[in-house]
Amino acid sequence: MPKRRDSRAWQYGLVVLGVVAAVAIVVVSLLTGHAKRETPGDVDCTQVKCVALTFDDGPGPYTDRLLQILKDNDAKATFFLIGNKVAANPAGAKRIADAGMEIGSHTWEHPNMTTIPPQDVPAQFSRASDAIEAATGQRPKLVRTAGGVINDQVLAEAKKFGLADINWDVIPFDWINDANIAATRYMLMTQIKPGSVVLFHDTYSSTVDLVYQFIPVLKANGYHLVTVSQLLGPREPGSTYGARDNGPPANVLQEIAADEIPSLPNTPSPPPMPNFPITDIPGANSGGPNNGA
Ligand SMILES: [Zn+2]
């Protein structure tokens, strides 16, 4: 029955054509970025639970380990980098940017911006932004001052450099609890709620350990880990967000089973990093002996 064979061949041809066309459409969509890919950038934080983890005072010796943990979890975070550390380690800063993380300024050398001579304030912003841009190709739009200490005069200067000030909603005191991860973890368990901006320091190996074991808790509770800008949207230069203290406990996180928490790598965690002399300004480091927040 030649006619029937022709019909089958025609149908077969149509199927092949259809498959080829479908594959072509998918390939072109992916290449042109029109296909919807599940990345944190697609998360709508008005519809789902988001939390923005932030890491201050780097780049440091433990930053790359943290980046790998974040990558392994498809998580994004925001790093407020100290300008003189970026100038000393531009490759380290670039790796943060290349990992898709958001980078903000943590000023040039981390002084108390409200007590240094007012004429020194602009350079703390400009030198940090210059160093970050030179290292990463991106000029920061967000700033966090040392200890979150800021006033109207400093904020007005930040505005001139296109910077919006970002503090936090949750401060788990990781630098004080360096040897006591459980204490920091307790603060996270009781304080984090949808929309929280959390202050950490990746200058502590204990903080990286804690984040490694706490991300599964956040994910099990339905949280998406996003950058500050993904969480808050565009911020006006000269505006400020957050506070310096914790608010009332939220107590909305549910604990997960112990066997769902990954064990720490079978290598001893490095000891806490020695304090960096991150400011040359006598008495102007607001963070105390461990450089604090
Ligand atoms: Zn700091």
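These legends describe close-up views of one predicted model.

**Figure 1. The whole chain in overview.**
This predicted model has nine helices and eight strands. The chain counts 293 residues, and 46% of them are buried. Among contacts with a separation of 6 or more, 78% are between residues 24 or more positions apart. Three cavities of 30 Å³ or more are found in the structure.

**Figure 2. The aromatic pair of Phe125 and Phe161.**
A pair of aromatic rings is described by the distance of the centres and the angle of the planes. The structure has four aromatic pairs. In one of them, the ring centres of Phe125 and Phe161 are 6.1 Å apart. Their planes stand at 45°, so this pair is tilted; the tilted class lies between the limits of 30 and 60 degrees. Phe125 belongs to helix α5, residues 121-136. Phe161 sits in the loop between α6 (152-160) and β5 (164-166). The pair therefore ties together parts that are 36 residues apart in sequence. Phe125 is buried, at a relative accessible area of 0%. Phe161 is partly exposed, at 27%.

**Figure 3. The aromatic pair of Phe173 and Trp175.**
Here the ring centres of Phe173 and Trp175 are 5.7 Å apart. The angle between the planes is 50°, so this pair is tilted. Phe173 is partly exposed, with 30% relative accessibility. Trp175 has a relative accessible area of 13%. That value makes Trp175 buried, because buried means under 20%.

**Figure 4. An aromatic cluster of three residues.**
Phe55, Phe79 and Phe200 make up one aromatic cluster. Phe200 also helps to line the second largest cavity, the subject of the next view.

**Figure 5. The second largest cavity and its lining.**
This cavity holds about 50 Å³ of space. Its lining includes Leu53, Leu188, Ile192 and Phe200. Leu210, Val211, Phe214, Ile215 and Leu218 also line the cavity. Helix α8, residues 205-220, gives the largest share of the lining, with five residues. By class, the lining has nine nonpolar residues, no polar residues and no charged residues.

**Figure 6. Lys219 in helix α8.**
Lys219 is placed in helix α8. With a relative accessible area of 41%, Lys219 is partly exposed. Cys50 is 169 residues away along the chain. The C-alpha atoms of Lys219 and Cys50 are nevertheless separated by 10.0 Å.

**Figure 7. Strand β3 and its partner β2.**
In a regular strand the side chains alternate between the two faces of the sheet. Strand β3 spans residues 102-105, and both of its faces are covered. Glu102 and Gly104 lie on one side. Ile103 and Ser105 lie on the other. These four residues are all buried. Strand β2, residues 78-81, pairs with β3 in the parallel sense. Four bridges make up this pairing. Thr78 stands opposite Glu102 in β3.

**Figure 8. The second largest pocket.**
The volume of this pocket is about 220 Å³. It is lined by 17 residues. Closest to the centre of the pocket are Glu102, Arg139, Pro140, Lys141 and Ser229. Glu102 belongs to the buried residues of β3. By class, the lining has eight nonpolar, four polar and five charged residues.

**Figure 9. Backbone at Pro59, Thr107 and His110.**
Most residues other than glycine have a negative phi, and most peptide bonds are trans. Gly58 and Pro59 are joined by a cis peptide bond, with omega about 0°. Pro59 is in the loop between β1 (49-56) and α2 (63-72). Thr107 is not a glycine, yet its phi is positive, at about 70°. His110 also has a positive phi, near 65°. Thr107 lies in the loop between β3 and α5. His110 is found in the loop between β3 and α5 as well. Thr107 is buried, at 0% relative accessibility. His110 is buried too, at 0%.

Definitions and conventions: Residues numbered from 1 in each chain as written. Predicted model: local features only at pLDDT ≥ 70, side-chain atom pairs only at ≥ 80, totals over all residues. Heavy atoms only, no water. Phe/Tyr/Trp six-rings, centres within 6.5 Å; stacked < 30°, edge-to-face > 60°. Helix = DSSP H or I, 4+ residues; strand = E, 2+ residues; numbered from the N terminus. Buried < 20%, exposed > 50% of the residue type's maximum accessible area, 1.4 Å probe, protein only. 1 Å grid on protein atoms, 1.4 Å probe; cavity = no way out; pocket = protein on both sides within 12 Å on 5 of 7 lines; lining within 4 Å. Points joined across faces, edges and corners; volume = space filled by probe spheres on them. Nonpolar A, V, L, I, M, F, W, Y, C, P; charged D, E, K, R; others polar. Pairing = 2+ DSSP bridges. Contact = heavy atoms within 4.5 Å.
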